[in-house]
Amino acid sequence: MRHRTRDRQGWISRATDAAGPERIEAFFAGRGYDMHRHDTYAIGCTLSGVQSFRYRGAVCNSLPGGTIVLHPDEPHDGQAGTDDGFHYRIAYVEPSEIQAVLGGRPLPFIQGGISADLRLLSVASRILRDVDDPIEPFEYEDALFELANALEAAANRVSLRQRRLVNYAAAEIARQYLAERPEAVTLEQLETICGQDRWSLSRDFRVLFGTSPYRYLTMRRLAAVKTMLRDGSGLADAAFSAGFADQSHMTRQFSKAFGVSPGRWLTLTREAR
């Protein structure tokens with residue numbers, strides 16, 4: 001079922017798949033998002049119009065027929081490149097899911113944030129479909145295997161030498177530990193749990209998952225905030241329950257991560273009644 005919410009700038013529809021990545025389809029007439037960064041891949045396609053965004057010091061313009069691939073933890077924004085606005089679909093894919101296929105190779109990086117690779121476009125289209133068309137868990141796992149390999153081929157970053165220099169097992173233990181605990185964690189604790197010195201662990205975590213351990217924990221807290229807000233919790237209660245010091249701290253982190261305030265996000269994503 002499609003849940004579409006509107007404001008004066010446009011609309012957003014959110015898929016309600018039981019499994020798989022968060023998927024949205026949206027239209028914006030002007031500015032969509034302020035500068036922000038999240039710890040997932042943002043993989044999308046422009047359906048009509050010109051989708052403009054600032055990314056790694058350049059202004060990028062996405063047109064129909066290409067694939068947007070924004071690397072985890074890279075700041076970007078989003079706005080219409082013309083007066084006609086832009087219509088697009090995007091999926092937020094966890095780096096850990098890509099790593100489950102790559103098995104410890106560095107995350108693929110697409111230069112410039114837009115790829116013209118036809119294989120990648122074909123594979124990405126399997127998940128970048130109408131939000132009313134649900135993705136079954138088994139289907140997503142099958143698409144994920146193809147997506148990880150298509151990303152790696154498009155990025156041309158396969159390196160056995162780099163693979164031997166990272167400790168995937170230790171980094172994955174750290175990731176799972178952080179995913180399960182909203183409370184404060186230190187690198188010293190992670191060092192003890194994973195059996196790897198903290199600085200090597202921190203480096204490997206960035207190479208394998210595209211973000212730092214602290215940012216990964218922060219994004220898990222913000223994901224919990226989103227769930228609580230959808231369920232009707234107030235901002236202060238959600239912030240406290242997710243492990244933030246206070247509401248203002250959570251609001252600052254939320255805006256940095258998603259490019260909108262918690263209030264506007266809730267307005268845009270509240271399910272139609």
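**Exercise 1. The second largest pocket**

Task: In this predicted model, how much space lies in the second largest pocket, and which residues lie nearest its centre?

Solution.
- Start with the volume. The second largest pocket holds about 160 Å³ of space.
- Next, the lining. It has 13 residues. Val185, Leu187, Pro213, Tyr214 and Leu217 lie nearest the centre of this pocket.
- Assign the lining to helices. H6 (187-194), H7 (198-209) and H8 each supply at least two residues. H8 gives the most, with 4 residues.
- Sort the lining by character. There are 8 nonpolar, 3 polar and 2 charged residues.

**Exercise 2. The largest pocket**

Task: Which helix provides the largest share of the lining of the largest pocket, and how does that lining divide by residue character?

Solution.
- Volume: about 950 Å³ of space lies in the largest pocket.
- Lining: 45 residues surround the space. Nearest the centre are Glu22, Tyr92, Lys226, Arg230 and Phe258.
- Helix share: H8 (residues 213-230) contributes 7 residues, the largest share of this lining.
- Character: the count is 23 nonpolar, 11 polar and 11 charged.
- Link to Exercise 1: H8 also gives the most to the lining of the second largest pocket.

**Exercise 3. Strand S2**

Task: Is strand S2 largely enclosed or open, and why?

Solution.
- Set the cut-off. A residue is buried under 20% relative accessible area.
- Apply it along the strand. S2 covers residues 10-14, and 5 of its 5 residues are buried.
- Check each face. Gly10, Ile12 and Arg14 are buried on one side. Trp11 and Ser13 are buried on the other. Both faces are therefore covered.
- Conclude. S2 is largely enclosed by the rest of the structure, because every one of its 5 residues is buried.
- Find the partner. S2 pairs with S3 (residues 22-28) in the antiparallel sense, over 5 bridges.
- Pick out one position. Ser13 stands opposite Glu25 in S3.

**Exercise 4. Gly232**

Task: Where is Gly232 found, and is Gly232 buried or exposed?

Solution.
- Locate the residue. Gly232 sits in the loop between H8 and H9 (235-241).
- Read the accessibility. The relative accessible area of Gly232 is 61%.
- Compare with the cut-off. Exposed means over 50%, so Gly232 is exposed.
- Add a distance. Gly232 and Met250 are 18 residues apart in sequence. Their C-alpha atoms are 17 Å apart in space.

Terms used
Residues are numbered from 1 along each chain as its sequence is written. This is a predicted model: local features need pLDDT of at least 70, side-chain atom pairs count only at pLDDT 80 or more; totals for chains, interfaces and linings use all residues. Side-chain values use heavy atoms; hydrogens and water are left out. Buried means under 20% relative accessible area, exposed over 50%, partly exposed in between (1.4 Å probe, protein chains only). Two strands pair if DSSP finds at least two bridges between them. On a 1 Å grid over the protein atoms alone, a cavity is a set of points where a 1.4 Å probe fits but cannot get out, and a pocket is an open set with protein on both sides within 12 Å along at least five of seven lines; lining residues have an atom within 4 Å of a point. Grid points are joined across faces, edges and corners, and a volume is the space filled by probe spheres set on the points. Ala, Val, Leu, Ile, Met, Phe, Trp, Tyr, Cys and Pro count as nonpolar, Asp, Glu, Lys and Arg as charged, and the others, Gly among them, as polar.
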